[in-house]
Amino acid sequence: MEQLIQSAQNFLSIAFFSVATVFFAFSLLLLLLRSRSWCNCEVCDAYLNSTWATEFDNLCDWYAHLLRQSPTGTIHIHVLGNTVTANPDNVEYMLKTRFENFPKGKAFSSILGDLLGRGIFNVDGEAWQFQRKMASLELGSVSVRSYAFQIVASEVAHRLMPLLNASSLDASSPLDLQCVFRRFAFESISKISFGLDPGCIDLSLPMSDFEAAFDLASKLSAQRAAVASPVVWKVKRMLDVGSEGELRRAIQLIDELAIQVIRQRRKIGFASNHDLLSRFMATINDEKYLRDIVISFLLAGRDTVASGLTMFFLLLSRHPKVAAAIREEVDKLAGDEMARYDQLRGMHYLHAALFESMRLYPPVQFDSKFCLNDDVLADGTFVSRGTRVTYHPYAMGRMETIWGRDCLEFKPERWLQGGVFSPANLFKYPVFQAGLRVCIGKEMAIMEMKTVIASVIRDFDIEVIEGDGYRPRFAAGLTGSLADGLMVRVRRRSSREGVAFLGS
Ligand code: HEM
């Protein structure tokens with residue numbers, strides 16, 4: 001009898017294993033068929049073999065080149081099943097007119113699902129509406145904006161300025177400004193969103209380890225989207241090997257940080273607090289969901305602001321006249337004091353220079369949606385159900401059809417009318433996205449960046465150490481950050497030598 005049971009067990013195990021193998025092979029075949037990875041047109045060939053890199057420094061530069069050449073400002077990368085557009089009419093069509101037909105979609109959610117979970121960036125429908133409503137209430141209120149300004153001003157005065165001052169005293173060692181801005185933006189967004197100073201959270205590892213895990217997870221998640229077939233990363237994830245093993249370990253660390261943030265907030269109490277996390281905690285108990293929300297806000301507020309500031313100072317070091325004009329405006333409106341919120345709003349030239357810098361170097365270089373049902377874009381391009389449709393702010397900032405023949409030049413004046421900042425149509429400049437999912441942190445981000453620029457530029461000269469023919473190279477990731485950082489030399493301006501230091 002025992003033998004019979006044993007044989008039956010063996011038979012069942014073999015049968016189960018065989019069915020699982022056939023099922024796996026079949027799924028693999030289906031995924032391969034759906035990935036259309038066989039196209040050998042010139043563009044797909046250049047993509048698959050990376051031959052575009054012989055002529056261009058960055059993938060986004062190559063895309064910009066292809067989009068400029070296209071009569072409609074739209075191209076299709078067959079092997080990725082991806083329609084890419086730099087046509088403002090199409091952007092409006094996707095983000096507003098036919099918003100319902102262009103959600104984030106399942107494909108995107110699965111690529112970023114491990115990192116972002118059900119956080120606002122990664123969901124559609126009710127989950128998105130709920131988080132958007134809560135976050136908009138918070139970020140849109142006047143009192144929260146002024147609370148955020150106090151935090152940013154204090155971070156600038158007590159952390160950023162002393163750090164730059166120390167660097168100016170040691171002219172021999174250059175400073176990685178991108179790294180400084182990331183730390184600054186991370187601390188600011190943590191305080192604003194969670195009411196906590198990352199330095200005060202009881203963590204098992206130094207903060208820099210968590211930041212490194214964040215960078216790695218962002219890079220590896222973005223790489224998933226760049227491969228022709230998802231089969232590769234899905235199989236690697238199943239086996240927990242290579243980049244997928246690294247990604248899992250990085251996410252594990254990030255989870256630890258998020259959980260600590262939530263527990264700390266719970267310990268201190270959240271009922272009477274106005275930070276974003278406390279608001280969410282009042283209605284959500286699910287710790288995993290709260291973790292997803294925490295991660296999304298860290299991502300939203302850290303890398304974007306750091307990227308915007310880094311590229312701004314790169315451009316500024318090449319345009320001393322723009323730096324001089326900003327200084328004049330800051331001196332006129334704020335004098336020796338740190339600029340107040342209302343004074344910052346009056347700095348139109350600074351505002352124009354910042355928008356001009358993000359036109360050329362948008363922190364989010366491209367953004368993808370998923371076509372739910374067959375559709376025809378505003379320029380007549382047919383997109384079939386299941387196609388990834390990407391609008392490309394980086395390329396859009398480089399289109400003559402949108403910005404004229406001088407589109408590659410850095411000219412803050414193009415944003416001014418009679419000295420007053422005049423915004424562009426949002427679908428021509430979707431740097432903060434546009435339409436129904438437009439960035440809700442936009443005003444706060446602009447305030448944060450203007451505060452930093454006005455303070456830094458008044459007290460310091462920032463010289464970017466560029467080798468001959470230096471051209472920015474971007475790292476793979478969800479936001480446009482420089483692969484090698486931005487090395488600078490900081491000098492205290494001689495006219496400010498005797499003036500009381502902001503941070504003192
Ligand atoms: C220079 C700085 C920033 C830029 C360029 C920027 C840009 C963007 C872009 C392009 C999106 C759309 C992303 C997508 O579709 O997945 C977005 C969404 C969002 N941003 Fe920002 N952002 C910045 C700063 C911030 C800050 C500081 C916060 C917050 C505290 C923030 C909060 C959000 C949120 C919550 C969303 C999701 C909106 C939604 O899906 O409805 N952003 N942002």
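Here are legends for a handful of close-ups of this predicted model.

**View 1. Cys-439 and its surroundings.**
Start with Cys-439, which carries the "binding site" feature in an unreviewed UniProt entry. This cysteine sits in the loop that runs between β9 (420–421) and α19 (442–459). Buried or exposed, or something in between? Cys-439 has 17 other C-beta atoms within 10 Å, so it counts as partly exposed, because a residue needs 20 or more to be buried and 12 or fewer to be exposed. Skip the residues up to four places away in sequence, and Cys-439 touches Phe-432 and Gln-433.

**View 2. The shell around the ligand.**
Now pull in the ligand, with 22 residues surrounding it. Cys-439 turns up again here, listed among the closest residues together with Ala-300, Thr-304, Gly-441 and Ala-445. Which helix supplies the largest share of the shell? That's α13, with 6 residues. Helices α6 (125–140), α13 (287–318) and α19 each chip in at least two. If you're thinking about the chemistry of the lining, the shell splits into 14 nonpolar, 5 polar and 3 charged residues.

**View 3. The largest nonpolar core, seen around Val-294.**
Helix α13 is back for this one: it gives the most residues, 16, to the largest nonpolar core. That core has 90 residues in total, and the members touching the most others are Ala-217, Ile-254 and Val-294. Zoom in on Val-294 and, leaving aside neighbours within four places in sequence, you'll find it in contact with Phe-194, Ala-258, Val-261, Ile-262 and Leu-277.

**View 4. A second core.**
There's also a separate nonpolar core, made of 18 residues. Among its members are Tyr-47, Cys-60, Tyr-63 and Ala-395.

**View 5. Strand β11 and its two partners.**
Last stop is β11 (residues 487–492), which pairs with β3 (residues 175–176) and also with β10 (residues 460–464). Both pairings run antiparallel. How many bridges join β10 to β11? There are 5, while β3 and β11 are joined by 2. To find your way around, pick out one bridge from each pairing: Leu-175 has Val-488 as its partner in β11, and Glu-463 has Arg-489. As a general point, side chains in a regular strand alternate between the two faces of the sheet.

Methods. Residues are numbered from 1 along each chain as its sequence is written. This is a predicted model: local features need pLDDT of at least 70, side-chain atom pairs count only at pLDDT 80 or more; totals for chains, interfaces and linings use all residues. UniProt positions are given in the numbering used here, feature names are shortened, and annotations may be inferred rather than shown by experiment. Helices (H or I, at least four residues) and strands (E, at least two) are DSSP runs, numbered from the N terminus. Two residues are in contact if their C-beta atoms, placed from the backbone, lie within 7 Å. A residue is near a molecule or strand if its C-beta atom, placed from the backbone, lies within 6 Å of it. Ala, Val, Leu, Ile, Met, Phe, Trp, Tyr, Cys and Pro count as nonpolar, Asp, Glu, Lys and Arg as charged, and the others, Gly among them, as polar. A nonpolar core is a set of buried Ala, Val, Leu, Ile, Met, Phe, Trp, Tyr and Cys residues joined through C-beta atoms within 7 Å. Two strands pair if DSSP finds at least two bridges between them.
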